[in-house]
Amino acid sequence: MSRNVSLFALASALVFASPAAAQDDQSQADLREELAQMRANMAAMAARIDQLEGELESVEQEATAARAEAQSAGTAIAAVEEAQDNTKITFKGTPEIKGENGWSFKPRGRLQYDAGVVNAPDSTGREDGFGNDVRRARLGISGDMPGGFGYKFEVDVANSDLTVTDAIISYETGDVDVQVGQFNNFQGLAELTSSLHTSFIERAAFTDAFNFIRRVGVGVTYGKGDVLLQGGVFTDNMDRLSNQNWSVDGRAVYMPKLGDAQLHLGGSLHHRSYEDGSTVRYRQRPLVGFTSERFINTGNLDAESETGFGLESAIISGRWHAVAEGYWQNLEMPVGMDDPSFFGGYAEVGYFLTQGDTRGYKGGKFDRTKPANPVGEGGMGSLQLNLRYDHLDLNDGAVIGGTQDGYFVSLVWKPTDYTMLLANYGRLQYNDAVFPAAGGDTSYGVDSFGVRAQIDF
């Protein structure tokens, strides 16, 4: 009995012990699985933390770069603002920009349109009557650079022909200015006065007749007080450089003030050497540039060299001005030929009909007239009346080029500083003209009338 009880107890214990053991194994498996999952999660978290730390470092680097860029941009903005503070824009016909350290830049240009009538004796067979011309149409730039350097460059596109007028590099130190490039030689007051500021449509006859043009070279100007000295060495114009012809030119001016009056006294010297086989020709139109007719003309002359000298004088006193110049040109011809000498000169007087106006003058030449009461500011601008006698003699020895005596009158209206309307009439009296009239007469008169509309900036 007791044995059965023991067996029954043992069996019961085994029956109840087996589920408990099985249950314990399952718990351990679940625990291991949970531990494995936790390890995986922790590994993922560690990887994510590493990733976030990397991203954070990248963001910090980007933030540092952004701060540096912002600081650099701030510095640049500050520099730009400072530069803007140091940059000035003024208006002198066109905007002129001036920066620090001596930089400046200015566009420039002029437009001159001429029209009129030339009337010559019909029996000469010359083409006369109405004519018109875009006399000048220039565009360019000028300015200064640090260190005392400067520049100027202009081209003329009148009548669709592109030509370089001024092409200059300059250097200024103290009272001395050095120019290299193409520019006007130092041949007198009429020639050096800009076409913008002349009192007649054309300059004095001798300036064109004796071939005063811009040439490539180097020039030096010294100016202090009332004294101006100029000199240079030149070759040819840019469109005809031979590198064989050369010239030297010099000019001296004394320009004191006498009370309120401006006095001008000057002289110039010119010597030019020509390459072997060269010829020169001296001739001139009747006052206006829109006709191709020239009633005095030496024709082509063999030339070895030429030497010229001029005298110039002027005075400006209130509304009045007076000016006179003379120029002598001597041509050296090959051995065995006589050397001819020619002369040109003019005398002029002008008076402003408008009160408060006077002719401009600066640096040894006539300068811009600025109306005291311009149009747009309640006034009518300036109105100037001018009279001129102009003489040109191209006769000497065996050379009979003719003589021209011109009697001119002009009326110049400047509504503003940068605009002008000009009308002039001339009576040209010729002797030994190259075109004979009826019966072979070479002494006769030609009438010339021209008007100009001008604007510049």
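Leu287 is buried, with a relative accessible area of 8%; buried means under 20%, exposed over 50% and partly exposed in between, with a 1.4 Å probe and protein chains only. This is a predicted model, where local features need pLDDT of at least 70, side-chain atom pairs count only at pLDDT 80 or more, and totals for chains, interfaces and linings use all residues. Residues are numbered from 1 along each chain as its sequence is written, and side-chain values use heavy atoms, with hydrogens and water left out.

Leu287 sits in the loop between strand E14 (283-284) and strand E15 (296-297). Helices (H or I, at least four residues) and strands (E, at least two) are DSSP runs, numbered from the N terminus. Leu287 also has a positive phi, near 75°, although it is not a glycine. Another non-glycine residue with a positive phi, near 60°, is Asn211.

Here are three loop residues to look up:

| Residue | Loop between | Relative accessible area |
|---|---|---|
| Leu287 | E14 (283-284) and E15 (296-297) | 8%, buried |
| Asn211 | H3 (205-209) and E8 (214-224) | 28%, partly exposed |
| Asp276 | E12 (261-273) and E13 (279-280) | 79%, exposed |

Now for the whole chain. The protein chain has three helices and 25 strands, and 39% of its 457 residues count as buried. Its C-alpha trace spans about 185 × 60 × 50 Å along the principal axes. The radius of gyration is 45 Å, whereas a compact globule of 457 residues would have one near 23 Å; the radius is taken over C-alpha atoms, and the globule rule is 2.2 Å times the number of residues to the power 0.38.
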